[in-house]
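Here are a few notes on how the two chains sit together. Have the model open while you read.

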Protein chains: 2
Amino acid sequence: MIPELKYDDKGLIPAIIQDVKNNEVLMMAYMNATSLEQTVKTGKTHFWSRSRQKYWMKGETSGNVQHVREIYYDCDADTLLIKVEQAGAGACHTGHRTCFYRKLDLEK
Amino acid sequence: MIPELKYDDKGLIPAIIQDVKNNEVLMMAYMNATSLEQTVKTGKTHFWSRSRQKYWMKGETSGNVQHVREIYYDCDADTLLIKVEQAGAGACHTGHRTCFYRKLDLEK
């Protein structure tokens, strides 16, 4: 069911998480083969934390669970795009709906 | 103008490219500090190719240039989200508008 994907030298693949309702990009995090399997099996996003070196499920402490609706992979099969219904206040641990809440000032 | 960003151990940062018109995610590729500077300076996306180990500008051969409208960075400052106007047929070298044209079958 899961196609041949290209994981990096640490066994990871980046997963872009997008809001299925309005196509807002919410966050990006990393999966390995096991956390992708867990994501597919449970219908909730599971990742591998590079800093903490452990598995985590989005929302396991905050309750801001991501319910998986569609999973895409790119032409190189080395990046995932996952469309979710975001529960709770949002995806970012800062309280923002999206992790991408800061913008470069291109005028300066 | 460019904030403190966290590049990985190869000096790279992933850049998610999103269509400014409809929020479709078009592709993901990697930048280093120099290609990000070039992107900001020229208003067209420039990347670092990990496989070819060289700089490339999107559309340099195909003409499918990406005109940069907004650049966001995430809470960890280790991922970019760049909103572009996509020129030409699309972002993917396969001819598709988006590189994420394949979907996992979650029913099986």
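1. Start with the symmetry of this predicted model. Chain B can be laid on chain A with an RMSD of 0.0 Å, using a turn of 180° and a shift of 0.0 Å along the axis. The two copies are therefore related as by a two-fold rotation axis.

2. What does that do to the contact surface? The same surface serves both copies, and 100% of the contact residues of chain B recur in chain A.

3. If you want to find the axis by eye, which residue of chain B comes closest to it? Look for B:N23, whose C-alpha is at 2.8 Å from the rotation axis.

4. Now the contact itself, which takes 30 residues from chain B and 30 residues from chain A. On the side of chain B that touches chain A, the elements giving two or more residues are strand 1 (13-19), strand 2 (25-31), strand 5 (66-73) and strand 7 (102-103) of chain B. Strand 5 of chain B has the largest share of that side, with four residues.

5. How do the residues on that side of chain B divide into nonpolar, polar and charged? The split is 18 nonpolar, five polar and seven charged.

6. Strand 5 of chain B is worth a second look, as it also pairs across the chains: two bridges join it to strand 7 (residues 102-103) of chain A. The two strands run antiparallel. To pick out the pairing on screen, go to A:R102, which stands opposite B:Y73 in strand 5 of chain B.

Definitions and conventions
Residues are numbered from 1 along each chain as its sequence is written. Chains are lettered from A and ligands numbered from 1 in the order in which they are written. This is a predicted model: local features need pLDDT of at least 70, side-chain atom pairs count only at pLDDT 80 or more; totals for chains, interfaces and linings use all residues. Copies are superposed by least squares on the C-alpha atoms of residues with pLDDT of at least 70 in both. Two residues are in contact if their C-beta atoms, placed from the backbone, lie within 7 Å. Ala, Val, Leu, Ile, Met, Phe, Trp, Tyr, Cys and Pro count as nonpolar, Asp, Glu, Lys and Arg as charged, and the others, Gly among them, as polar. Two strands pair if DSSP finds at least two bridges between them.
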